[in-house]
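I opened this notebook to keep track of what I looked up, going from the sheet to the cores and then to the ligand.

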Amino acid sequence: MDVNFYTPLQASQQYSASFEAYKANSEENQNISRWISEQFDDISRSLCKQFEGVSTLSILGIGSGDGTFEVEIVIQLLKTFPSVACTVVEPSGERIESYKQLVEKRKSALHGATFEWRAESLDEFYEVNRVNKRQFHFLSLIHSCYFMKHQELENHLRQITGFLYAGGQALIMHDAETTLMIQFQKRFTSNLHPLRPTIHGGHIKDALKNLQIEYEASIIPILCDATKCSDEDSVEGNLLLDFLFAVEGCRANGKSEILKMIFEFMNNSDVSFNENGKLYVRMPTQVIVISVT
Ligand SMILES: C[S@@+](CC[C@H](N)C(=O)[O-])C[C@H]1O[C@@H](n2cnc3c(N)ncnc32)[C@H](O)[C@@H]1O
């Protein structure tokens, strides 16, 4: 049987469960949250300089998921701006519900913030905004560019930056070129049809250069403990394997020769190392901050 593929757009139960398995075994939440609490000040300062006197900062989240990172961003912005109006574009109703619960839980820290949740895809939001022509001071796409096809990337980035007022900023976080999955695809793509090529941070930077849009780039190192992936009876290990290789039912449905390559690669490559009996894989995040002039 051929390997099946999922897309984040479908936001299937399986996808959510895989993503949860990844979060539970990686440093992603911790390291991205640390980046927001330590580095976001630069963005706040720049927005404050550009939009002096603006009392309500309007911001847009695209593919915000359960709001884990966006809520932290809003809290940072509230240190500088008395009020923040956050529009959330997230197609999964289930995640919007979790986002609402998080806002309720953090309400004392979110005093001054309002949220408008839109259960829409980015394409649907483009359509609505063609008429409304709303603009924002800041927007974020945190690990949500997965649904974008490589050939559509420039168009998406042109449209997304078009949502910003002059002087506005966009924060994009996405898989760096050096993550396990991207390196695996680079090495084996020809053998692995139909593994679909995935975009990475390098593609986003190239697209921005072509569009002559200014940006600053940095990397957040993130390790994932992939030890459980070797245990074929571990439900969490199998979900994690699916997430790491972007394949639904990787072990159950995958061809044995692909599985063999996957495990050989995970155990013997620059993107992984063993320590104290555990297997760690590298999943760095590319950070891109765009300033619209
Ligand atoms: C990997 S999750 C990231 C969620 C969140 N930003 C985070 O970092 O925890 C990707 C998110 O993109 C959303 N998504 C998928 N397709 C989308 C689309 N066409 N437009 C906007 N968001 C989309 C998914 O529902 C999912 O919540």
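My entries follow in the order in which I made them.

**Entry 1, the sheet.** I kept in mind from the start that this is a predicted model. I looked up the strand order and found an open sheet of seven strands with mixed pairing, running S4-S3-S2-S5-S6-S12-S7. At its edges I noted strand S4 (113-118) and strand S7 (215-220), each of which pairs on one side only. From one strand to the next, the twist averages 15°.

**Entry 2, one strand pair and a helix.** I then turned to strand S5 (residues 136-142) and strand S6 (residues 164-175), which pair in the parallel sense over six bridges; Phe-138 has Gln-169 in S6 as its bridge partner. Helix H8 (residues 201-210) packs on the sheet, where I found it touching S6, S7 and strand S12 (285-291), and its direction makes about 20° with that of S12.

**Entry 3, the nonpolar cores.** The largest nonpolar core has 46 residues, and I recorded Val-84, Leu-139 and Ile-172 as those with the most contacts inside it. Helix H3 (residues 68-77) supplies the largest share of this core, five residues. Another core, of 22 residues, lies apart from it and includes Cys-224, Ala-226, Cys-250 and Met-283. Returning to Leu-139, I found among its contacts Ile-59, Leu-60, Ile-62 and Phe-163, with residues up to four places away in sequence not counted.

**Entry 4, the ligand.** Which residues come nearest to the ligand? Of the 21 residues around it, I noted Gly-63, Gly-65, Ser-121, Leu-122 and Ser-144. The shell around the ligand divides into eleven nonpolar, eight polar and two charged residues.

Methods. Residues numbered from 1 in each chain as written. Predicted model: local features only at pLDDT ≥ 70, side-chain atom pairs only at ≥ 80, totals over all residues. Near = placed C-beta within 6 Å. Nonpolar A, V, L, I, M, F, W, Y, C, P; charged D, E, K, R; others polar. Core = buried A, V, L, I, M, F, W, Y, C linked by C-beta atoms within 7 Å. Buried ≥ 20, exposed ≤ 12 C-beta atoms within 10 Å, placed from the backbone. Helix = DSSP H or I, 4+ residues; strand = E, 2+ residues; numbered from the N terminus. Contact = placed C-beta atoms within 7 Å. Pairing = 2+ DSSP bridges. Axes fitted to C-alpha atoms, helices over the stretch in contact; angles between N-to-C directions.
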